[in-house]
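Biologist: Could you take me through one part of this model closely, the place where two helices pack against each other, and then show me how it sits in the rest of the chain? I work at the bench, so please explain each term as you go.

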Amino acid sequence: MFNLLIKPIRFVRPVSLVSFAKPLVATRGLATVKDQSFTLNKKPPPPTAPYAPVYNKPTPATLKLKSGQVFSGTSFGANVHVSGEAVFTTSLVGYPESMTDPSYRGQILVFTQPLIGNYGVPGIFKDEYGLLKFFESDRIHCEGIVVSDYASRYSHWTAVESLGEWCTRFGVAAISGVDTRAIVHILRDQGSTLSKLCIGENTDFSKIPYSDPNERNLVAEVSTAVPVSYNPFGDVRIDCGVKNNIIRALVKRGAAVTVLPWNFPINKVSDQFDGIFISNGPGNPTKAVDTIKNMRQALGSFQRPIFGICMGNLILGLAAGLDVYKLRFGNRGHNVPALNMLDGKCQITSQNHGYALQDNNLPTGWTKYYVNANDGSNEGIRHKTLPFKSVQFHPEAKGGPQDTEFLFEEFLSNVRADKTQREGIKTFVPETFVSQSQVSPSTLRD
Ligand SMILES: NC(=O)CC[C@H](N)C(=O)O
């Protein structure tokens with residue numbers, strides 16, 4: 001039974017047991033044929049690792065904004081009090097991807113989509129590169145979630161547990177039955193706000209402090225501790241909290257990727273690599289001081305292609321001499337229009353960021369690459385003559401539209417052309433690649 005659970009080719013829902021283990025509370029969402037045969041008389045089966053059913057008793061929960069507003073609802077996640085920065089996303093789908101995106105670390109995520117949970121949470125399926133297929137990392141990173149209407153009854157061929165069960169397993173607080181439209185109005189007006197999500201009735205909320213995640217170096221908290229290589233033949237990335245689908249977007253196009261810790265002395269080894277990629281990541285970019293310093297040095301000495309996404313755009317900009325500022329409520333959603341300043345095309349993008357580059361006074365040699373068609377904020381920069389560029393949005397999607405995935409093709413064809421020019425040979429593109437393996441820092445020449 002356990003083997004069946006982890007075999008990706010078996011798409012039958014492996015533990016139909018889980019369907020019987022639903023909490024006996026009013027549910028919303030789609031019913032499967034199995035669900036329809038569900039009766040209250042059926043006893044839940046014994047727990048089966050690793051998807052042991054978790055029973056949630058309806059428990060009161062309260063969301064408190066530091067600005068004073070209080071919203072009372074019901075808990076459907078872990079029985080923990082959390083605090084963080086309340087932000088909202090307008091994405092309609094993709095809660096497993098968003099919640100496992102390391103960029104959401106330290107945040108309490110409010111969904112504007114009113115019904116959340118109806119397709120449950122997928123199991124642990126890995127792709128041919130050893131990357132988790134349906135999650136962007138191996139854990140939930142946001143502190144808590146806020147939804148209007150939680151669907152504890154779920155239906156999807158990949159699902160093995162409910163959203164509430166998943167949150168409970170990962171110690172993530174979750175509240176439903178609150179007016180998310182009102183919360184989003186407040187967050188739009190006053191901006192992303194420090195908040196607490198408290199579970200239970202008799203809690204002394206004043207004892208739980210508001211903690212500001214942007215005062216910590218969140219990048220250091222989520223970055224890999226040691227270099228990790230995928231497909232061992234030649235490109236590099238700095239891990240500020242990289243999403244699985246970014247690694248996948250590169251390796252599936254034949255790139256060899258070595259994921260380095262956020263503060264790795266990259267300039268000591270950069271001659272061994274054909275390009276640098278700077279990943280997405282959580283929190284305030286100015287806290288990742290070492291990454292900025294290393295990239296500043298790289299901009300002066302590394303003449304090969306550099307590409308960055310989201311946090312990567314902010315880090316590249318800071319390294320080039322730009323400033324960053326905090327957007328009032330950020331851009332989080334899957335339908336954000338970005339205008340390409342090179343060809344005037346408008347592309348629909350996936351976004352998740354609270355900071356932006358101040359691009360009204362760019363240093364010599366740099367120009368705007370993309371601009372947000374809604375609010376005019378920066379969506380990317382590029383160097384006019386050197387192969388350095390970055391975007392604020394997420395071309396890798398997961399979730400969201402894949403309209404800008406061609407940027408990975410562009411980056412890798414620049415890397416290949418540059419390598420060909422340097423070496424006068426065709427770049428070797430492996431037909432098959434070795435799945436994820438750890439390399440010790442000593443294998444990287446110092
Ligand atoms: N997705 C990301 O990389 C986010 C970048 C940065 N933490 C921000 O919020 O602006």
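Modeller: Happy to: I will begin with the whole chain, move to the helix pair, and then visit some other places.

This is a predicted model, in which local features need pLDDT of at least 70, side-chain atom pairs count only at pLDDT 80 or more, and totals for chains, interfaces and linings use all residues. Residue numbers start from 1 along each chain, following the sequence as written.

The chain has eleven helices and 22 strands; these are DSSP runs numbered from the N terminus, with at least four residues for a helix (H or I) and at least two for a strand (E). Of the 446 residues in the chain, 48% are buried. Here, buried means that 20 or more other C-beta atoms lie within 10 Å of the residue's own, exposed means 12 or fewer, and partly exposed is in between, with C-beta atoms placed from the backbone. Contacts, in turn, are pairs of residues whose C-beta atoms, again placed from the backbone, lie within 7 Å. Among contacts between residues at least 6 apart in sequence, 76% join residues at least 24 apart.

Now to the pair you asked about. Helix H9 covers residues 289-301 and helix H10 covers residues 311-320; their axes come within 8 Å and cross at roughly 65°. The axes are lines fitted to C-alpha atoms over the stretch in contact, and the angle, on a scale from 0 to 180 degrees, is taken between N-to-C directions. This crossing is right-handed, the term for a near helix turned clockwise from the far one by less than a right angle, with left-handed for anticlockwise. On the H9 side, the residues that meet H10 are Thr291, Ile292, Met295, Arg296 and Leu299, while H10 brings Ile315, Leu316, Leu318, Ala319 and Ala320. By class, this contact has eight nonpolar residues, one polar and one charged. Nonpolar covers Ala, Val, Leu, Ile, Met, Phe, Trp, Tyr, Cys and Pro; Asp, Glu, Lys and Arg are charged; the others, including Gly, are polar.

H10 also ties this pair to the chain's largest nonpolar core. That core has 59 residues, and those with the most contacts inside it are Leu250, Ile276, Ile315 and Leu316. H10 supplies seven residues, the largest share of this core. A second, separate core of 43 residues includes Ala78, Val87, Val121 and Val172. A nonpolar core here is a set of buried Ala, Val, Leu, Ile, Met, Phe, Trp, Tyr and Cys residues joined through C-beta atoms within 7 Å.

Leu250 takes us to helix H8, residues 244-251, where eight of eight residues are buried. Its buried residues include Asn244, Asn245 and Arg248 alongside Ile246, Ile247 and Leu250.

On the H9 side, Thr291 has a further partner in Trp262, which also touches Asp290, Ala288, Val219, Ala220, Ser223, Ile238, Asp239 and Cys240, leaving out residues up to four places away in sequence. Trp262 lies in the loop between strands E14 (257-260) and E15 (276-278), and it counts as buried because it has 25 C-beta neighbours inside 10 Å.

Val172, named in the second core, is touched by Cys142, whose other contacts, beyond four places in sequence, are Met99, Tyr104, Gln107, Ile108 and Leu109. Cys142 is in the loop between strands E6 (121-122) and E7 (144-146), and it is buried, with 28 other C-beta atoms within 10 Å. For residues 59-198, an unreviewed UniProt entry lists "domain: Carbamoyl-phosphate synthase small subunit N-terminal"; UniProt annotations may be inferred rather than shown by experiment, and the positions follow the numbering used here. Over residues 59-198 the chain is 17% helix and 34% strand, and the end C-alpha atoms are 11 Å apart.

One last stop concerns the backbone. The peptide bond from Lys398 to Gly399 is cis, with omega near -5°, and Gly399 lies in the loop between strand E21 (388-391) and helix H11 (406-423). Phi is near 60° in Ala397 and near 60° in Lys398. Most residues other than glycine have a negative phi, and most peptide bonds are trans. Ala397 is buried, with 20 other C-beta atoms within 10 Å, and Lys398 is buried as well, with 22.

Key:
Contact = placed C-beta atoms within 7 Å.
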